[in-house]
Amino acid sequence: MPRLEKVYLKNNVMGLISSGTQSILEEESHIKDVLSRIVVEMIKREWPQHWPDMLKELDTLSKQGETQTELVMFILLRLAEDVVTFQTLPTQRRRDIQQTLTQNMEKIFSFLLTTLQQNVNKYRRMVGAPQEQEALTTPQKADLGQEPKAQANCRVGIAALNTLAGYIDWVALSHITADNCKLLEMLCLLLNEPELQIGAAECLLIAVSRKGKLEDRKPLMVLFGDVAMHYILSAAQTADGEGLVEKHYVFLKRLCQVLCALGSQLCALLGSDSDVETPTNFGKYLDSFLAFTTHPSQFLRSSTQITWGALFRHEVLSRDPLLLGMIPKYLRASMTNLVKVGFPSKTDSPSCEYSRFDFDSDEDFNAFFNSFRAQQGEVMRMACRLDARTGFQMAGEWLKYQLTAPVDTGPMNSKTGEGLCSIFSPSFVQWDAMTFFSESVISQMFRTLDKDEIPVNDGIDLLQLVLNFETKDPLILSCVLTNVSALFPFVTYRPEYLPQVLSKLFASVTFEVIEESKAPRTRAVKNVRRHACSSIIKMCRDYPQLVLPNFEMLYNHVKQLLSNELLLTQMEKCALMEALVLISNQFKDYERQKAFLEELMAPVTSLWLSTEMQRVLSDPEAFISYVGADNKIADPVLEDPSGLNRSRISFCVYTILGVVKRARWPVAMEEAKAGGFLVGYMPSGSPIYRNPCTEQVLKLFDNLLALIRTHNNLYMPEMVAKLGETFAKALDMLEVEKNAILGLPQPLLELYDSPVYKTVLERMQGFFCTLYDNCFHILGNAGPSMQQDFYTVEGLATQLLSSAFINLNNIPDYRLRPMLRVFVKPLVLSCPPEYYETLVCPMLGPLFTYLHVRLSQKWQVINQRSMLCEDDAADDNPESQEMLEEQLVRLLTREVMDLITVCCVSKKGAEHNTAATVDGDDDEVMATEVTPPASAELTELGKCLTKQEDVCTALLITAYTSLSWKDTLSCQRTTTQLCWPLLKQVLPGNLLPDAVSWFFTSVLKGLQTHGQHDGCMAALVHLAFQIYEALRPRYAELRAVMEQVPDIQRESLEQFESKLLNPTLQKVADKRRKDHFKRLITGCIGKSLGEQFRKEVHIRNLPSLFKKVKPSLETDVLENEDGEGLTALFEP
């Protein structure tokens, strides 16, 4: 545009601001917005070089009145947003404008502050606010004629605060703290001005949250002074005193954030080597902070937790008597805050009203509350580190109170039984909160206090009260059991109480609300029984020496329970057997333990090896019939004729798993030797142990493989056709699993009040799912458990290939995933290198080849589907089903890529966060600058696999094809951990030129798919750069691929190539070469949908603001052999 036209346009726009709009109260906000944006667009193109007086002109405009001043505020704010916040300008222009803003910041800040001060003073004069600073009460209306004028001043005040908020974030801290922190003082004053308080709090929050040098942040401590504290506290009291009004509530949230940020600043500035002292008003600060922690709003309560944690952890403040005096008050507040009330749909607590502002649904609130409670637990444990006794005392008082309080079930009765609690009942929420409190506090006390300081008598008294407490309410009983576990460490001081604890737990294992009831158990009842079982296991795992003297009593208890086939579920039976196995590990005598395991497993062995069971396990048709999946059932809720048959199979599988998982040799080598567990040494000198369960388990092994083979064959179409009408979907996923994969929340009440399986079909689905998983858990645990005895089973690889890996084509993704995770991965990780050739390679070779084909086909379907998404999809595959399938393919892809990575890349490379943190890079899930560590090498197994050409090809093709599959997480992991180490392994060989081009093209395709995600983009660019640098000198074909990159600049490519291919030239720094390469391939880097069709705005650079042009580093200054160029850089 010619210069005269520019001047004409600028003058007209300035004229519009001066006199072209209606008054401040009448003009539409979108008109003001557009007008200010036009000016900002002109500034972005012309200031400062061609429009040096811009700030003066804005200043002149603002003197005309409120309407113009408000527009000037908008202009300054939009300018800061575009230049600093969103950075929507070319680098050179951004730098020019930001630098000029910074140079003029003192003027700009004083202009903003003066504008704010003048307009606030006028506003307060007109509405009749008292002039004394102390009495900032709500202003009385003075004169109705003045109202519009007052409103205009108020509007300008709000605009000035908003503009300040856009600058405070990034300007030098000295501007914020200039003139004895005048700005902060003004902002504190305005906290008591109802119309301006939210804007003021926002500015204050941004100022107090500033990071930077500690020295520069010290003046912020003025906010702990008397005046500032007074205003902050009085504003909080006024806002809270007026009930729940949305505006006031928003203000309270901001104030709460201000106090939190103040606490963080204090923690940062106060240290053993700092001259900052604990503020005199620290006590006042803590009191006001506690007021937010006890506020009815659950959101405000949760906002304070991180700061409490920081204070309790702080090296200086944690010793401060004021903070130590606060601990009982904080714990008392936590006792209230742990009670789960405040559901938005209810009215049973003052919190409910606030929750309706903060949460859309009860499920939302529930998810929030669970994480809030976990956070509180952390902070309570920190508080108890400083004062363990107080916490224990409170927990004891609360526990005693709950044990004597009458049960209040509230208006909603549980479906489990009449007069029982539901999860919303007043009694249960109190029990639940108390249990969480006591668990957190007691566990911390045992970690903090010395042995002789532990209040053993008080603890044992509490334990006795809990053991004597009887209840038929499953939800309360579950809490009682948690308290038994929490108090159990006291028994280590008084072992005579152990039998009582065991009796209590065993009574709960068989808990029923109504004895001999035929109705299916609800989840609440099942949870109690499972809870009791896991408490017994935990006790035997953590305190085996304590339980060992009572082994016979424990064994008799279990035998008695096992003698009645219907009393316990299979899972419960096996949990108790696991507990026994854990104690038997303490025998430390191979023969004795072996004899015990033989006796324990005798019922399983006879059942599993019976001729009928052998027939059932090895024939899919017989199996379907035996478990009752071919029946048609009239009453799908109560009738289940084959339930007992299913439970027998489950019992055997659970037991084998329990024994394999828990039976072990002693940890200490001397004990293992004395007990007869040591059988020899490896060539490397490491000991070889034998497991007392090996003989028993290997006897049952053939039938286990037969069951796995049969289970896999059930998915063949002809077998699925044999399922009965009721059970046509028996092999499908459970609804719960589907919801978990789709991320759908469970309805709250259903969790406890409904039966675990509502119909016999659900029960059958649960049976198949658990059976499948458990069989593979056994195989996954067999290696670590039985070691060489397992790996040397004759023809093991062939046996596994003909059972676990049979009929994979028909096995759905949701079954294949657990197989890879719980069987293949642990087997590979625990396998000694001696067996790689005989066992692992023959198994993984065909598996990886198959998985590549399968995943490629699945992703092809997904990609075609997304290309055809304009057409109406067929009704038989609804959207939710498509989403589920797609999500499953994603999860399976991650599982497969993880497996390949674990097999092929050494731990150093796979867990690359260690290397990243050393370089000061915090390893986010999606880090933005990802450079794989140099140490990512292939493992021995990786080398073994890549020796076989077909396996090596499958691995490389899977890794590089997966880069363009639409799963960001998988792409990033594979790029950073797997692709380069695999390719590096085959570099010394003679790769075909087509293969090299294909690898490079695959990475570029990955960039096209994932370029919009910073983390993926950085990793893929790095990989492409590595490949090009390493292979371009040997393969000219890569140049041809580069030339096909859209919009590539040929001259730039020539320049890059000449430096790359000329070995005599000194190499330019790695980062610069990489940046040059990234610019070359920009045309391949995919953009997000929002960016793809964006009209590019081109803003030309203006003449440089600097007098002297710095010599460009692109020139050959550094490449001069004699170093003349270097001296030139330092000449004045």
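Student: What is the volume of the second largest pocket?
Tutor: This is a predicted model, numbered from 1 along each chain. Local features need pLDDT of at least 70 and side-chain atom pairs 80 or more, while totals for chains, interfaces and linings use all residues, and side-chain values use heavy atoms, without hydrogens or water. A pocket is an open set of points on a 1 Å grid over the protein atoms alone, where a 1.4 Å probe fits, with protein on both sides within 12 Å along at least five of seven lines. Filling the second largest one with probe spheres set on its points, joined across faces, edges and corners, gives about 770 Å³.

Student: Which residues lie closest to the centre of that pocket?
Tutor: Its lining (residues with an atom within 4 Å of a point) has 18 residues. Helix α54 (a DSSP run of H or I, at least four residues, numbered from the N terminus), residues 1070-1080, supplies the largest share, three. Closest to the centre are T1082, G1083, I1085, K1087 and E1096.

Student: How far apart are the end C-alpha atoms of α17?
Tutor: Helix α17 covers residues 321-337, 17 in number. Its expected span (1.5 Å times one less than its number of residues) is 24 Å. The model agrees, with the ends apart by 24 Å.

Student: How many residues of α14 are buried?
Tutor: α14 has 12 residues, and its ends sit 16 Å apart, as expected. Buried (under 20% relative accessible area, 1.4 Å probe, protein chains only) residues there include F282, Y285 and F289. They pack (heavy atoms within 4.5 Å) against helices including α12 and α17. The count is nine.

How values were computed: Helices (H or I, at least four residues) and strands (E, at least two) are DSSP runs, numbered from the N terminus. Buried means under 20% relative accessible area, exposed over 50%, partly exposed in between (1.4 Å probe, protein chains only).
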